[in-house]
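This report describes how a single chain is put together, taking its enclosed spaces, its domains, its cores and a few individual residues in turn. Please read it alongside the sequence and the structure shown here.

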Amino acid sequence: MRKIDIHPEAVERIKKYTIHDQQLGFGKYVAPLMIEAVYDQGQWQRFDLVPYGPIQLDPCTKVLHYGQEIFEGMKAFRQPDGTISLFRPEQNARRFNQSARRMSMPEIPVDQFLQACDVICSYCKNIVPKRLGESLYLRPFMIASEVGLGIKPSKQFIFIIVASPSGAYFSGDSVKVYIERDDIRAAQGGIGFAKTGGNYGASLQSYTKTIQAGCDQTMWLDSTHTYIEEMSGMNFMCLIDGELHTPALTDTILDGITRKSILELARHEKIKVKEDKISIDDLLKKIEEGRCTEAFVCGTASVICPISSFLDKDGRTHYLKDGQGKVSMELREKLISIQAGRSPGPEGWLHPVPVIEF
Ligand code: COI
C-alpha cells in the first residue's frame with residue numbers, strides 16, 4: 001500500500017477553515033484540501049493530501065471526450081464522543097472497483113481506498129457537522145488523464161477525493177416524482193449499474209422536464225418502458241399491503257448502499273421485503289386502490305425522502321395516501337441514528353476514522 005504524503009500547505013489551509021452557515025445544503029461547501037493520486041505505467045504511483053484547487057487538463061485529455069470517469073458518494077458522521085466514523089466505506093470501495101472494471105479503469109486496492117478516505121476525514125475532523133442528519137460527504141472520483149483523441153482505454157488516471165460538509169439533499173420534507181415515459185436511463189448490457197458520469201449526464205434532459213412540470217425527481221423505467229428502475233441519483237422503494245417493495249437489482253440499476261442498508265433494517269424490524277419487478281402501471285393502480293400507501297427515494301446523499309405524488313405523462317397526478325411517509329420516516333430515523341452512533345446498528349456498519357493530531 002502506498003503511503004499518503006501530507007502536504008503542509010493543505011494542513012495550514014484546513015486549520016484556518018470555518019463554516020458559519022446554519023443551512024449547509026448539499027455540496028455547497030467543500031473542504032480546502034483533497035486527496036490526489038496518480039496512476040501510470042500500470043500502477044498507482046503516489047497518493048497525496050494536497051490543497052483543494054483546480055486540476056489542469058490538456059484539451060485532448062480522454063475524459064473530456066469519451067467520459068471515462070467514475071465516482072462514489074459516501075459519508076462520515078460525528079459520533080457522540082466527538083470522534084468520526086465512516087458509514088460502510090468498504091461497500092463504496094467495492095462498488096468503485098465494480099464501476100472501474102466496467103469502464104476499463106484500474107481498480108484501487110480496498111485498503112488503499114479506505115486509507116485515503118481515513119486520511120481526508122482525519123484532517124477534516126473539525127469540520128464534520130454535529131447536528132443529526134448532517135455529515136461530511138466524500139466524493140471520490142477517477143478520470144482518464146491520458147492525452148490523445150484515439151478511442152481506447154486511457155493508460156493514465158487521476159483519482160481525487162473531495163470532502164463537503166453537508167446537510168439535507170432536498171429542501172422540502174417530501175418529493176414529487178415525474179414519471180419519464182419516453183427517455184430511458186439504461187439498457188441491459190450497458191452501464192446502468194456503474195457509477196459513471198454518463199448515466200447522470202443522460203438524465204439531465206429529463207431533469208429539466210421534471211422541474212418544468214413542478215416536480216423534484218425523475219423516475220426511470222426499464223428499456224421496455226414498463227418496469228420501475230430507479231430515480232436519477234437514488235433508488236426507489238414503496239409500501240404495498242404493508243410490505244416493502246423495491247426493484248430487484250439488475251445490470252441497469254445502481255446497487256445502492258443505502259438501499260441495501262434499509263432492506264437489512266426492514267428485515268430486522270420484521271417488515272416483509274420484496275425485491276422484484278414493479279410495473280409502473282401496477283404501482284399507480286395500487287396507489288389508486290389505497291394498497292400502496294407510501295413510497296420513498298433513498299440514497300447516500302438523499303438518505304430517505306418520502307414521495308408525495310407521481311405525475312404521469314397524461315397529466316394525471318397520483319397522490320400517495322401517506323405522502324409524509326410514516327414507515328419511511330421511521331426507517332430514516334433508525335438509519336440516521338445508527339450513522340450518528342446514537343443507537344446500535346449491525347456489526348461493522350461504522351468504520352472509526354483514526355485520530356490524527358495536527
Ligand atoms: C449519492 O447519493 O451519493 C449520489 O452519488 C447521488 C448524487 C448524484 C447526488
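## Cavities, cores and single residues

The residues lining the second largest cavity divide into 5 nonpolar, 1 polar and 4 charged. The model in which this cavity is found is a predicted one, and about 50 Å³ of space lies in the second largest cavity. Its lining is made up of Phe77, Arg78, Pro129, Lys130, Arg131, Leu132, Gly133, Glu134, Ile336 and Ala340.

A search of the whole structure returns 2 cavities of 30 Å³ or more, and the table sets them side by side.

| Cavity | Volume | Lining by class |
|---|---|---|
| Largest | about 90 Å³ | 6 nonpolar, 6 polar, 1 charged |
| Second largest | about 50 Å³ | 5 nonpolar, 1 polar, 4 charged |

Around the largest cavity there are 13 lining residues, and those that lie nearest its centre are Lys75, Phe87, Thr258, Thr300 and Gln339. Strand E5 (74-78), helix H7 (257-268) and helix H9 (326-339) each contribute at least two residues to this lining, with E5 giving the most, namely 3 residues. Domain 1 (4-168) and domain 2 (175-339) each provide at least three residues of the lining of the largest cavity.

These two domains are those given by the domain assignment of the chain, with domain 1 covering 4-168 and domain 2 covering 175-339. Taken over C-alpha atoms, their centres are separated by 27 Å, and the contacts between them involve 23 residues of domain 1 and 22 residues of domain 2.

In soluble globular proteins, nonpolar side chains tend to be buried together. In this model the largest nonpolar core has 54 residues, and Leu138 and Phe159 are those with the most contacts inside it. Helix H4 (residues 110-123) gives the most to this core, supplying 8 residues. A second core, separate from the largest one, consists of 24 residues, including Leu221, Ile228, Met234 and Leu283. For leucine 138, once neighbours within four places in sequence are set aside, the contacts are Glu72, Gly73, Met74, Leu86, Cys117, Ile120, Cys121, Ile161, Val162 and Ala163.

Is serine 308 buried or exposed? Serine 308 counts as buried because its relative accessible area is 18%, which falls under the 20% limit used for that class. This serine lies in strand E16 (residues 303-311). Apart from neighbours within four places in sequence, serine 308 is in contact with Ser174, Val175, Lys176, His318, Tyr319, Leu320 and Gly323.

Turning to the backbone, most residues other than glycine have a negative phi. Glutamine 41, although not a glycine, has a positive phi of about 50°, and it is found in the loop between strand E2 (33-40) and strand E3 (43-51). With a relative accessible area of 68%, glutamine 41 is exposed, the limit for that class being over 50%.

Lysine 270 likewise has a positive phi, of about 65°, although it is not a glycine. Its place is in the loop between H7 and strand E14 (273-276), and at 75% relative accessibility lysine 270 counts as exposed. The helix that precedes this loop, H7, is also one of the elements that supply at least two residues to the lining of the largest cavity.

Methods:
Residues numbered from 1 in each chain as written. Predicted model: local features only at pLDDT ≥ 70, side-chain atom pairs only at ≥ 80, totals over all residues. Heavy atoms only, no water. Core = buried A, V, L, I, M, F, W, Y, C linked by side-chain atoms within 4.5 Å. Buried < 20%, exposed > 50% of the residue type's maximum accessible area, 1.4 Å probe, protein only. Helix = DSSP H or I, 4+ residues; strand = E, 2+ residues; numbered from the N terminus. Contact = heavy atoms within 4.5 Å. 1 Å grid on protein atoms, 1.4 Å probe; cavity = no way out; pocket = protein on both sides within 12 Å on 5 of 7 lines; lining within 4 Å. Points joined across faces, edges and corners; volume = space filled by probe spheres on them. Nonpolar A, V, L, I, M, F, W, Y, C, P; charged D, E, K, R; others polar. Domains from an automatic or database assignment.
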